[in-house]
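Below are some notes on the structure, set out as numbered points for reading alongside the sequence and the coordinates.

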Amino acid sequence: MDSAIKPQSKGTKQLFKNPILEKLSRTHISVPLTIFFSYAIALLYWSITHTSLSVQATIGMFFIGMIAFTWVEYMVHRYLFHMGAHTEKRAKLQYTLHGVHHEFPKDKERLAMPPIVSISMATLLLFLFRLILGDLVFSFLPGFLVGYAGYLSIHYMVHAFQPPKNFLKVLWVNHSVHHYKNGEEVFGVSSPLWDYIYGTMKK
């Protein structure tokens, strides 16, 4: 992450000159949430009606999928979104993927991936995990997608609302450290688990 990027308290940034691409780079949070929850429900329905998986296996794989997402969230945030911007092209890519969010963290239309990317990603994951897991994908991927939807919800609330006066406040505090104090710490948004495991929790 470019240390020169200073968070702005309001405003937005045009990423693309093409108005269609610019429009596609934005979304209301309800759109991807609807996509991922609908996708998860449809996959679970398919699992129940078209596979021989037991109830126990379905529930187990669902929760494994949720936990797996928290690890992927951490890795993508740390190593892709905060990739080293060693060249001009990498710097531009990093800014487009994530740097713009660090510069304009209150821009509510850029707190989630656009719908076309969300649908494409969910479908790609379905085919990829199907090759690895077989029929287990129909219970694993719903958990993964619900984990993603949970992350999106938390990320949106952390940026859009004041922290609550309960145990969830730590999520607001952690993400504020990442945005306003040290962008190379606290990469987990939905869970601090992997920050503790990999040693990137705030010092």
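1. In this predicted model, helices α4 and α7 run roughly perpendicular to each other, because their packing angle of about 100 degrees falls within the 65 to 115 degrees that counts as roughly perpendicular. The axes of the two helices, which cover residues 88–103 for α4 and residues 169–180 for α7, lie 10 Å apart.

2. Which residues make the contact between α4 and α7? From α4 the contributors are His98, His101 and His102, and from α7 they are His175, His178 and His179. Sorted by class, the contact of α4 with α7 holds 6 polar residues, with no nonpolar and no charged residues.

3. His178 of α7, named above as part of the contact with α4, also appears in the surroundings of glycine 183, which is in contact with His82 and His178 when its neighbours within four places in sequence are left aside. Glycine 183 itself sits in the loop that runs between α7 and α8, the latter spanning 193–198. Between the C-alpha atoms of glycine 183 and aspartate 107 there is a separation of 18 Å, and the two residues are 76 residues apart along the chain.

4. A separate topic is the surface, where Ile20, Leu21, Leu24, Ile116 and Val117 make a nonpolar patch of about 450 Å². The elements giving two or more residues to this patch are α1 (19–24) and α5 (115–133), and the largest share, 3 residues, comes from α1, the helix in which isoleucine 20 is found.

Technical notes. Residues numbered from 1 in each chain as written. Predicted model: local features only at pLDDT ≥ 70, side-chain atom pairs only at ≥ 80, totals over all residues. Heavy atoms only, no water. Axes fitted to C-alpha atoms, helices over the stretch in contact; angles between N-to-C directions. Helix = DSSP H or I, 4+ residues; strand = E, 2+ residues; numbered from the N terminus. Contact = heavy atoms within 4.5 Å. Nonpolar A, V, L, I, M, F, W, Y, C, P; charged D, E, K, R; others polar. Patch = residues over 30% accessible without salt bridge, like charges linked within 9 Å, V, L, I, M, F, W, Y side chains within 5 Å. Areas by Shrake-Rupley, 256 points an atom, 1.4 Å probe, with all protein chains shown as cover. Salt bridge = Lys/Arg side-chain N within 4 Å of Asp/Glu carboxyl O.
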